[in-house]
Amino acid sequence: MHGTWWAAARLGVVFAIALLAVQPQSGRAQEHAASAGQAAANNCTRSTFRVVVDVGHTLDVPGAMSARGVTEYAFNLQLARDIKQALVDAGFEQAVLMVTGTAPWRGLFERAARANAMHADLFIAIHHDSVPDNLKHVWEYAGLKNEFNDDYPGYAIFISNDNADPAGSLMFGSMLGKQLERRGLHYTPHYTLALMGHRRRILVDAEAGVYRYDQLIVLRQTRMPAVLLEAGSIVNRQEELELATPERRSLTSAAIATAVANFCAARAHSPVVKAAVSGH
């Protein structure tokens with residue numbers, strides 16, 4: 001990314017991020033290192049295992065709007081920064097924070113192309129969830145009208161059967177979901193409901209909250225295992241507040257660091273099998 005765009009991006013999200021009430025996080029490195037240390041003993045070389053942490057959306061096309069009027073992009077950027085640091089703390093020195101200025105659709109292909117050019121071993125797209133417009137309700141916050149839906153809190157993980165390694169994507173997605181669940185977080189089942197219409201998805205791991213979403217460009221165009229994480233619902237008024245805290249970001253970051261360590265270990269011990277994931 002060019003320095004001028006990045007400088008503008010940083011200035012542009014200052015106000016939004018201020019609304020998130022970010023506080024310094026003491027002991028973060030120790031917590032992440034301890035979490036990663038719980039992973040199975042592995043022979044993978046963490047210092048060369050490259051993970052791309054992709055910040056979903058852009059400054060100009062910021063994705064969903066939270067129940068209190070903060071952009072999804074601001075949430076994505078904060079969480080992705082913490083995830084990248086957690087990975088570095090766990091020994092994954094080659095972890096990359098990917099910020100893209102190019103708007104969709106071209107920007108989505110650009111993300112995949114950049115990850116492919118880096119010869120990354122794993123791609124994780126970071127997002128925060130919303131619901132279809134017909135499921136939203138209007139309320140007033142700080143004198144402004146905003147939209148919310150309090151019915152469907154929780155994370156969701158997506159993989160694509162069109163990815164170059166769908167079996168690897170499912171393996172990591174399942175590992176990630178189980179680590180999130182172990183930390184007291186739960187996935188949202190609403191993507192299985194008829195009310196989601198064309199956004200309805202096939203649940204391929206009911207224990208970990210992994211769904212198939214074959215059409216996602218950043219998943220289908222990448223040449224390494226890839227997942228998209230919806231870290232939680234920012235239109236849910238209670239979960240929005242939780243997602244804005246360092247504590248919730250720490251839980252998610254620690255889960256990802258441990259899942260990456262487990263995945264790296266599994267790949268070091270097993271040959272790569274690029275089989276398609278069946279739907280149920």
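Biologist: How many cavities of 30 Å³ or more does the count come to?

Modeller: Let's start with the general idea. Rolling a probe the size of a water molecule over the atoms shows where empty space is left. This model is a predicted one, and here the count comes to one cavity of 30 Å³ or more. Its volume, as the largest cavity, is about 60 Å³.

Biologist: Which residues lie nearest the centre of the largest cavity?

Modeller: The lining has 11 residues, and Phe-75, Leu-79, His-128, Leu-243 and Arg-249 lie nearest the centre. Two helices, H3 and H8 (246–269), each supply at least two residues of that lining.

Biologist: And the pockets? How much space lies in the largest pocket, and which residues lie nearest its centre?

Modeller: A pocket is open, whereas a probe inside a cavity cannot get out. The largest pocket holds about 940 Å³ of space. Its lining comes to 36 residues, with His-57, His-127, Tyr-213, Leu-216 and Glu-230 nearest the centre. Two or more lining residues come from each of these elements: helix H4 (106–117), strand E3, helix H6 (217–220) and strand E9.

Biologist: Good, now the fold. How many helices and strands does the protein chain have?

Modeller: Eight helices and nine strands. To read the strands, remember that strands of a sheet pair through backbone hydrogen bonds, either parallel or antiparallel. In this model, an open sheet of seven strands has mixed pairing and the order E2-E1-E3-E9-E6-E8-E7.

Biologist: Which strands stand at the edges, and why is one side of each left without a neighbour?

Modeller: E2 (96–98) and E7 are the edge strands; each has a single partner strand, so one side of each has no neighbour in the sheet. On average, neighbouring strands of this sheet are turned by 30° against each other, direction ignored.

Biologist: How do I read the mixed pairing? In which sense do E3 and E9 pair, and in which sense do E6 and E9?

Modeller: Strand E9 is a handy place to look. E3 and E9 pair in the parallel sense, over six bridges, while E6 and E9 pair in the antiparallel sense, over three. Try Leu-229 in E9: this residue is the bridge partner of Ile-126, and Leu-229 is also the bridge partner of Ile-157.

Biologist: Is E9 largely enclosed or open, and why?

Modeller: Eight of the eight residues of E9 are buried, so this strand is largely enclosed by the rest of the structure. For the whole protein chain, 53% of the 280 residues count as buried.

Biologist: Which helices pack on the sheet or lie across its strands?

Modeller: Helix H3 packs on the sheet, touching E1, E2, E3 (122–129) and E9 (226–233), and its direction makes about 145° with that of E3. Helix H5 (residues 166–182) lies across E3, E6 (156–159), E7, E8 and E9, and runs at about 175° to E6.

Biologist: Let's go to the edge strand E7. How does E7 run relative to E8, and how many bridges join them?

Modeller: E7 (residues 202–205) and E8 (residues 210–212) run antiparallel, joined by three bridges. Ile-202 has Arg-212 in E8 as its bridge partner, and Leu-203 stands opposite Tyr-211. Four residues lie between the strands of this hairpin, where Gly-209 takes a positive phi near 75°.

Biologist: Now a single residue. Where is Arg-68 found, and is Arg-68 buried or exposed?

Modeller: Arg-68 is in the loop between strand E1 (51–55) and helix H3 (72–89). Buried means under 20% relative accessible area, and Arg-68 has 19%, so this residue is buried.

Biologist: What does the side chain of Arg-68 make polar contacts with?

Modeller: A polar contact of 2.5 Å joins the side chains of Arg-68 and Glu-240. A polar atom of the Arg-68 side chain also lies 2.9 Å from the backbone oxygen of Arg-237. Among the residues Arg-68 touches are Trp-139, Tyr-141 and Leu-241. Arg-68 and Glu-147 are 79 residues apart along the chain, with their C-alpha atoms separated by 8.1 Å.

Biologist: And for comparison, how does Ala-103 read, buried or partly exposed?

Modeller: Ala-103, in the loop between E2 and H4, has a relative accessible area of 32%, so Ala-103 is partly exposed. Ala-103 touches Thr-58 and Val-61. Its C-alpha is 7.7 Å from that of His-57, a residue 46 places away in sequence.

Methods: Residues numbered from 1 in each chain as written. Predicted model: local features only at pLDDT ≥ 70, side-chain atom pairs only at ≥ 80, totals over all residues. Heavy atoms only, no water. Pairing = 2+ DSSP bridges. Buried < 20%, exposed > 50% of the residue type's maximum accessible area, 1.4 Å probe, protein only. Contact = heavy atoms within 4.5 Å. Polar contact = N/O pair within 3.5 Å; in protein donor to acceptor, adjacent residues only side chain to side chain. Axes fitted to C-alpha atoms, helices over the stretch in contact; angles between N-to-C directions. 1 Å grid on protein atoms, 1.4 Å probe; cavity = no way out; pocket = protein on both sides within 12 Å on 5 of 7 lines; lining within 4 Å. Points joined across faces, edges and corners; volume = space filled by probe spheres on them. Lists of a residue's contacts leave out its neighbours within four places in sequence.
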